[in-house]
Amino acid sequence: MRTIQEDAQQIMKKALQDAQPDQAVISALKKMPEVTGKIVLVAIGKAAWTMAETVEKQLGESLSKGVCITKYGHVKGDITHVKCLEAGHPVPDQHSIFATKKAEKLVSDLSPDDLVIFCISGGGSALFEDPIIPLPELQDITSQLLACGADIQEINIIRKHLSGVKAGRFGQLCQPAHVYAIILSDIIGDPLDAIASGPAAVDPHTCQDAMAIVNKYHLTLSDDAIAALQEETPKALWNVESIVTGSVKQLCQSAEEECKRLGYTPIYLTSSLDCEAREAGRFLSAIARDHQDSPVSLAYILGGETVVHLTGKGLGGRNQELALSACEGLSGCHDTCLFSIGSDGTDGPSDAAGGMVDEHTAQLMQEKGISIPDILSDNDSYHALQAAGTLIKTGPTGTNVNDLTVLLIRRNQR
């Protein structure tokens with residue numbers, strides 16, 4: 001009989017397989033507008049390589065040229081007609097600017113008959129960047145936002161008003177060509193202006209919204225950065241057509257189907273999880289304790305993106321911190337397991353996708369001299385989970401549709 005950990009691995013595997021963007025891109029290309037001129041491709045984000053490869057395979061020689069910009073280690077090979085470039089994430093670097101300028105040049109001399117296929121996926125906010133202010137200050141502001149626990153929407157509001165390509169500005173640069181944006185969403189609710197900071201979407205947020213965030217978190221900005229926040233973004237983009245091809249809801253639905261196939265009764269809690277990672281972990285461990293007398297196997301499924309407030313200098317990410325926060329509460333449970341992963345295969349600055357814990361994890365850590373409260377205070381979930389052998393490492397998955405968390409309580413013998 002399979003172990004509960006093997007069930008968790010199978011649920012994870014199936015959900016990630018179903019979240020691959022290739023079929024979604026193929027479907028979107030069937031709705032692509034007719035083109036009499038050139039077709040060029042710009043793909044950005046953690047899933048950019050897979051999306052770009054699919055476009056090239058489908059269009060072949062009809063594709064004139066293209067640029068793919070993705071995270072370090074995410075390029076899986078050469079793509080005909082497409083220049084593949086890697087850059088910094090979650091903080092943009094010089095390679096981000098270099099690659100973005102390549103994309104800007106690619107669309108700089110197009111005609112009204114031409115088409116830009118613009119593949120967008122999560123991570124594009126850092127990877128696709130041509131800042132209005134000096135890069136070191138933009139990096140510092142991004143780091144301030146990450147450290148203070150600002151949510152992804154707040155981070156994007158600031159970043160896109162300091163960028164020459166976000167908040168619809170890249171869509172404007174493509175004029176007079178038409179832009180067909182194929183979007184893989186990693187943002188709750190799929191708001192076009194927030195995914196990769198909306199490079200081809202009108203920004204609904206005002207300068208006042210941006211300054212309210214600056215004041216809320218007491219960010220340190222130069223006068224030039226404050227002035228940049230006052231610059232207007234495009235109010236209309238007549239040349240852009242957008243289609244969302246995948247989201248965290250689909251990720252959760254695939255997990256739900258696989259849980260059911262494995263004999264669990266699935267409880268789909270939410271695809272909009274956006275609380276503190278630690279609180280989510282503790283909440284789920286409380287659910288586990290409260291349902292230990294269940295006569296049937298249960299699977300609680302959540303998707304979304306939690307937040308970590310940095311209080312230490314350790315290594316980890318929101319999914320690892322969520323899992324670590326749950327493990328003490330799972331002590332005393334029976335045949336119970338929780339995993340939390342980032343669908344792109346990376347969690348924060350680490351090489352892990354997330355973590356998996358069960359009723360034995362806390363005891364194992366205690367035997368190794370690991371204090372879970374101390375580790376959480378130092379935000380060092382990676383090394384604690386590594387010591388327990390419960391890190392999840394998938395490598396780059398080729399997709400990015402937010403995070404998946406599943407709590408399993410196994411009761412019936414299968």
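How many of the 414 residues of the protein count as buried? The share is 59%, where buried means under 20% relative accessible area, exposed means over 50%, and partly exposed lies in between (1.4 Å probe, protein chains only).

Before you start clicking, note that this is a predicted model, in which local features need pLDDT of at least 70, side-chain atom pairs count only at pLDDT 80 or more, and totals for chains, interfaces and linings use all residues. Residues are numbered from 1 along each chain as its sequence is written, and side-chain values use heavy atoms, with hydrogens and water left out.

**Stop 1: the whole chain**

Show the cartoon. You should find 16 helices and 12 strands; these are DSSP runs (helices H or I, at least four residues; strands E, at least two), numbered from the N terminus. The radius of gyration is 22 Å, close to the 22 Å that the globule rule gives for 414 residues, so the protein is as compact as a globular protein of that length. That radius is taken over C-alpha atoms, and the rule is 2.2 Å times the number of residues to the power 0.38. Along the principal axes, the C-alpha atoms fill a box of roughly 65 × 45 × 30 Å.

**Stop 2: two annotated spans**

Colour residues 8–229, where an unreviewed UniProt entry places "domain: MOFRL-associated". This span is 42% helix and 14% strand, and its end C-alpha atoms lie 45 Å apart. Now colour residues 299–403, which the unreviewed UniProt entry gives as "domain: MOFRL". Here the end C-alpha atoms lie 16 Å apart, with 32% helix and 20% strand. UniProt positions are in the numbering used here, feature names are shortened, and annotations may be inferred rather than shown by experiment.

**Stop 3: the largest pocket**

Select Pro90, Leu146, Arg318, Gly348 and Pro349; of the 40 residues that line the largest pocket, these lie nearest its centre. Two or more lining residues come from each of α5 (124–127), α7 (152–161) and α13 (318–330), and α7 has the largest share, with four. The pocket has a volume of about 860 Å³.

The search uses a 1 Å grid over the protein atoms alone: a pocket is an open set of points with protein on both sides within 12 Å along at least five of seven lines, a cavity is a set where a 1.4 Å probe fits but cannot get out, and lining residues have an atom within 4 Å of a point. Grid points are joined across faces, edges and corners, and a volume is the space filled by probe spheres set on the points.

By class, the lining has 13 nonpolar, 17 polar and 10 charged residues. Ala, Val, Leu, Ile, Met, Phe, Trp, Tyr, Cys and Pro count as nonpolar, Asp, Glu, Lys and Arg as charged, and the others, Gly among them, as polar.

Stay on Pro90 for a moment. A cis peptide bond joins His89 to Pro90, with omega about 10°, and Pro90 lies in the loop between β3 (82–87) and α4 (94–106).

**Stop 4: the second largest pocket**

Move to Asp151, Ile152, Gln153, Ile187 and Asp274, which lie nearest the centre of the second largest pocket among its 15 lining residues. It holds about 260 Å³ of space, and its lining divides into seven nonpolar, three polar and five charged residues.

**Stop 5: enclosed spaces**

There are two cavities of 30 Å³ or more. For the largest, about 50 Å³ in volume, select lining residues including Ile120, Ala181, Leu192 and Ser242. Its lining has eight nonpolar, two polar and no charged residues.

The second largest cavity has about 40 Å³ of space. Among its lining residues are Leu273, Glu305, Asn319 and Asp403. β8 gives the most to this lining, with three residues.

**Stop 6: backbone details**

Next, select Gln175 and Pro176, joined by a cis peptide bond with omega near 10°. Pro176 is in the loop between α8 (169–173) and β5 (178–184).

Then visit His81, which has a positive phi of about 75° although it is not a glycine. His81 is partly exposed, at 26% relative accessibility.

**Last stop: the cysteines**

Why do Cys252 and Cys259 not form a bond? Their sulfurs are 10 Å apart, which is too far; a disulfide needs a pair of cysteine sulfur atoms within 2.5 Å. Cys252 is buried at 0% relative accessibility, and Cys259 is buried at 0% as well. The disulfide count is zero.
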